[in-house]
Amino acid sequence: MQMNPLPRATQLAHQMVQECLGKGDCAIDATAGNGHDTSFLLNCVGEEGRVFAFDIQGEAIRATADRCQNHSNLSLHHTGHENIKEFVSVPVMAAMFNLGYLPGGDKSIITLPESTLCGIRSTLEILAPQGRLTVVLYTGHEGGNTEAEIILEFFRNLPQESFAATHYRFLNQQNSPPELLTVEKRN
Ligand SMILES: C[S@@+](CC[C@H](N)C(=O)[O-])C[C@H]1O[C@@H](n2cnc3c(N)ncnc32)[C@H](O)[C@@H]1O
């Protein structure tokens, strides 16, 4: 039997989301970047669903618009995920945060703990029961470790009656591979 290697955090994030997201649902890509996750979410929700995507960089908004150009059910917002509440008021079944910097872009523009936490808090409020929020954490760049610690602490303290939270990471790999946090809202 052909065995697949253990999934990378970004792959596992897609698996986690795929398990809870269906046709006609609404979803959020909180860090649109090059549009890979937005495109994935659009495929999951189909034409009847809707995806809201956010990024602070014009370059990322353009890249995402290019990648997803045939989707009229994409609401693309050139603003930070700390403003999610202003743009999304419907329940969402899935939300993805992929932190750090834009691959191929300016590495000094990174997600920051305060705005990331604000975006996560707002999203948890509109997450539907059995919906999932994923966070891919990067610790290899300056500031990444601090952000990861702050987000981890927040996840550890989520009330267990309302949320289940998990943390996936490699223990013995070099170069700080990304880690995955997943939160599921309970009924
Ligand atoms: C690792 S990239 C995202 C990759 C993307 N999900 C993809 O599939 O290509 C991180 C992105 O977060 C964006 N970002 C940084 N701060 C942000 C904020 N406050 N709100 C939304 N996006 C932000 C950066 O501009 C960058 O494009």
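Helices and strands are taken here as DSSP runs, of at least four residues for a helix and at least two for a strand, numbered from the N terminus. In the predicted model analysed here, I110 is found in the loop between β4 and α5, the latter spanning residues 113-126. Because a residue is buried only if 20 or more other C-beta atoms lie within 10 Å of its own, and exposed if 12 or fewer do, I110, with 17 such neighbours, counts as partly exposed. When residues up to four places away in sequence are not counted, I110 touches G100, Y101, H141 and G143. Between I110 and E19, which are 91 residues apart in sequence, the C-alpha to C-alpha separation is 29 Å.

Strand β4, which precedes this loop, is mostly covered, with 7 of its 7 residues buried. Pairing in the parallel sense links β4 to strand β1 (residues 26-29) over 3 bridges, and to strand β5 (residues 127-137) over 6 bridges. A95 takes part in both pairings, being the bridge partner of I28 in β4 and having L133 as its own bridge partner in β5. Together with the intervening helix α5, strands β4 and β5 make a right-handed β-α-β unit.

The largest nonpolar core comprises 45 residues, of which A27, V92, A94 and A95 touch the most other members. The element that gives the most to this core is strand β4 (residues 92-98), with 6 residues. In soluble globular proteins, nonpolar side chains tend to be buried together. For V92, the contacts that remain once neighbours within four places in sequence are left aside are C26, A27, I28, I126, L127, A128 and G131.

L133, placed in strand β5, counts as buried because 26 C-beta neighbours lie inside 10 Å. Apart from residues up to four places away in sequence, L133 touches A95, I120, T123, L124, L127 and V183, and A95 in this list is also the residue whose bridge partner in β5 is L133. The C-alpha atoms of L133 and P178, which lie 45 residues apart along the chain, are separated by 16 Å.

With regard to the ligand, 22 residues surround it, and the closest of these are T31, G33, H36, G80 and L102. Classified by residue type, the shell around the ligand has 12 polar, 7 nonpolar and 3 charged residues.

How values were computed:
Residues are numbered from 1 along each chain as its sequence is written. This is a predicted model: local features need pLDDT of at least 70, side-chain atom pairs count only at pLDDT 80 or more; totals for chains, interfaces and linings use all residues. A nonpolar core is a set of buried Ala, Val, Leu, Ile, Met, Phe, Trp, Tyr and Cys residues joined through C-beta atoms within 7 Å. Two residues are in contact if their C-beta atoms, placed from the backbone, lie within 7 Å. A residue is near a molecule or strand if its C-beta atom, placed from the backbone, lies within 6 Å of it. Ala, Val, Leu, Ile, Met, Phe, Trp, Tyr, Cys and Pro count as nonpolar, Asp, Glu, Lys and Arg as charged, and the others, Gly among them, as polar. Two strands pair if DSSP finds at least two bridges between them. A crossover is right-handed if, with the strands pointing away from the viewer, the path from the first strand over the helix to the second runs clockwise.
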